[in-house]
Structure formats: structure tokens, C-alpha cells
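Thank you all for making the time this morning. I would like to walk you through one structure, going from single residues to the way helices pack, and I will try to be careful about what can be said.

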Amino acid sequence: MSIFTFLHIYYAVFALLFGIVLGSFLNVVISRLPAGRTISKGRSNCMTCGHTLAAKDLVPLFSWLFLKGKCRYCGAPIASRYAKIESLTGVVFLLTALSTIDAIACVVIHESFFILYMIVMCTVVPAMMIYYDTFKGFIHLAGISVVLSAVAYVIMYLFPSQGNMAVAAARFIGVVAAFPLLTLLLLKISGKKYGMDDFYMDLTFAGASTFEYVLCPKGRSFFVFIFPVAYCIVRAVCKGKKQDKYAGIIYFGIMIAALCITAVYRFLY
């Protein structure tokens, strides 16, 4: 096994495990943020008996599997969504690692871009699930997503400039603006309401969708404009119906599909 093969495997496995760990933290964000509770303090406890959970009860994914989805102290069932979110986050990290496998050869730029994308995706997952539970959007998540995606864009597309910087900046702004504007337009045409919660969720997904290098088979392409179009259609179709809470989840699935396509493309070509 060559050193590069070993590094590729290490890179993918590390991304998977790191994603699972962060998925556990995102479960805390999803449960506490809508309730106005701090996410930086306070121990986790059983939602049924209130017992404070020990470290052995909080090993991401594996504790849920070993305990067979039940509380160690009272035997009450633990919702499978916790394990699903941890697994899903791990899969997203793994797919992103596979689609940016050449980051090993250019650590400073590609690895920074990869890390920023992972952080932004860590705003998308709670935004998606919070909207599913409460139909609320949060300016904190939207702000982090847009600001960090802008930083990533500067690192990847503007700093090592290989073209017109004004065109690159305009493309980024165009993609971010297209999410709320197209959604607003379609909702107005169909006579549906558009509120601030919608705006915050739109911007959260917009930031994550600007990462052309990760989501598109070929970077610096206009494939990235497919995402706001797909997003606004999903939002307009679901809005005002019982499927509305699934809008974020559906679009998240589209992003996962894009990651898979990019990973396969990079592997084959």
C-alpha cells in the first residue's frame, strides 16, 4: 500500500468518525436552540427519567447501538432520530472527503475549504431538523452559513485567482441571493406567505450551496445555479401543505445526491 493510498483511506475514515461525533453535538443544538437554552453548558440527561448521562452513555452512535436504543437507567426507548442524525452527518462528511480527496495534495487551500464546508453543513443539519420540528429558522445559523461560505469562496476562488475576480464574486452573490428571491417569487405567484423564518432557512441552505468544488463535478462552473432553482421549486411545492416540514429534508437529499455524483466523477476521472 502506497503512502497516498493510506492517506486517502485515513482521510475518509477520519472524516466519517469526525462527522459522527459532530452529529452528536448537532443533536444538542436541535433540541436546545428552539427552546432558548444554551448549547455550551449543562449535562445531557434522559428525556424520560431525567437521570444525568455518564460518558459511556454519550459515545456517538455506538452508545445507542450497544444500549439497543434504550436508557441504561430506566429502560425507556431513546428516539432513533439521534442515531440517524449522527449517522447522516458522518455520511455527509465521508462523501465530502471522497469528493475532495485531492485535498491531501494541497493542504492549505483545499483542506481549509473542506473544513469550512463541514462547519457550514453543521448549520444546515440543525436548520433542517428544527424547521421539521417547529417551522422556525434562526438568524444565527443563516449568518454562520453565509459568512463562512464567503470566506471559503475567497480562499478557493478569489485568493488563488484564475480568472475575473468580479465575475467570481458576482456568481457567489448571485447564488446566495437566488435562494430567497426565487423562493419569494414562486410563493408570491402561488399566493403563499413568505416570512422571516423562511428567509433565514433559505440563507442557511444558500451558503452551503455555493461550494461548487464539493457539490459540482467540475468546479468554477455554472452548475451551481441548479441548486437555487431546485430549492425554490421544492419550497414552493411543499409550502402550506403537510409536506412543508419535509422541504428542508428533501433539499438536503438533493445535496447528498450531488455529493455522491461528484465523488463518483472524481473517482472515475
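Let me begin with Ser87, which lies in helix α3, the stretch of residues 81-99. This is a predicted model, so please take each value I quote as computed from that prediction. Is Ser87 buried, partly exposed or exposed? With a relative accessible area of 29%, Ser87 is partly exposed, since buried would require a value under 20% and exposed a value over 50%. If you look from Ser87 to Tyr11, you cover 76 residues along the chain, while the two C-alpha atoms are separated by 17 Å.

Staying with that part of the chain, let me turn to the aromatic rings. The model holds 16 aromatic pairs, and one of them is made by Tyr10 and Phe14, whose ring centres are 6.1 Å apart and whose planes meet at 20°, so this pair is stacked. Tyr10 and Phe14 both belong to helix α1, residues 3-32, and because they are 4 residues apart in that helix, about one helical turn separates them. Phe14 has a relative accessibility of 45% and therefore counts as partly exposed. Which residues join Tyr10 and Phe14 in one aromatic cluster? They are Phe18 and Phe93, so that the cluster consists of Tyr10, Phe14, Phe18 and Phe93.

A second pair to look at is Phe199 with Tyr200, where the ring centres are again given as 6.1 Å apart, but the planes stand at 50°, and the pair is therefore classed as tilted. Phe199 counts as partly exposed at 28% relative accessibility, whereas Tyr200, with a relative accessible area of 19%, is buried.

Phe199 also brings us to helix packing. Two packed helices are described by the angle between their axes and the distance between the axes. Helix α6, residues 165-189, packs against helix α7, residues 196-208, at an angle of about 145°, with the axes 8 Å apart, and α6 passes α7 in a right-handed crossing. On the α6 side the contact uses Val176, Phe179, Pro180 and Thr183, and these meet Phe199, Asp202, Leu203, Phe205 and Ala206 of α7. Sorted by class, the residues of this contact are 7 nonpolar, 1 polar and 1 charged.

Helix α6 has another partner in α9, residues 226-238. Here the angle is about 30° and the axes are 9 Å apart, which means that α6 runs roughly parallel to α9. The crossing of α6 and α9 is right-handed. From α6 the contact takes Val175, Ala178, Phe179, Leu182, Thr183, Leu186 and Leu187, and from α9 it takes Phe227, Pro228, Val229, Tyr231, Cys232, Ile233, Arg235 and Ala236. By class, that contact has 13 nonpolar, 1 polar and 1 charged residues.

Now let us follow α9 to helix α10, residues 247-268. The axes of α9 and α10 come within 9 Å and cross at roughly 155°, and because angles over 145 degrees count as roughly antiparallel, α9 is roughly antiparallel to α10. This crossing, too, is described as right-handed. The residues in contact are Phe227, Ala230, Tyr231, Val234, Arg235 and Cys238 of α9, together with Ala247, Ile250, Tyr251, Ile254 and Ala258 of α10. They divide into 10 nonpolar, no polar and 1 charged.

From that contact I would like to single out Ile254, which has its place in helix α10. Leaving aside residues up to four places away in sequence, Ile254 touches Ala230 and Val234. Ile254 is nevertheless partly exposed, with a relative accessible area of 29%. Measuring out to the start of α6, Ile254 and Met165 are 89 residues apart in sequence and 29 Å apart in space, C-alpha to C-alpha.

I will finish with two loop residues and their backbone angles. Lys68 lies in the loop between α2 and α3, and its phi is near 55°, a positive value in a residue other than glycine. At 71% relative accessibility, Lys68 counts as exposed. Phe135 is found in the loop between α4 and α5, with a phi near 65°, which is likewise a positive value in a residue other than glycine. The relative accessibility of Phe135 is 38%, and Phe135 therefore counts as partly exposed.

Definitions and conventions: Residues numbered from 1 in each chain as written. Predicted model: local features only at pLDDT ≥ 70, side-chain atom pairs only at ≥ 80, totals over all residues. Heavy atoms only, no water. Axes fitted to C-alpha atoms, helices over the stretch in contact; angles between N-to-C directions. Parallel < 35°, antiparallel > 145°, perpendicular 65-115°, else oblique. Left-handed = near helix turned anticlockwise from the far one by under 90°. Contact = heavy atoms within 4.5 Å. Nonpolar A, V, L, I, M, F, W, Y, C, P; charged D, E, K, R; others polar. Phe/Tyr/Trp six-rings, centres within 6.5 Å; stacked < 30°, edge-to-face > 60°. Buried < 20%, exposed > 50% of the residue type's maximum accessible area, 1.4 Å probe, protein only.
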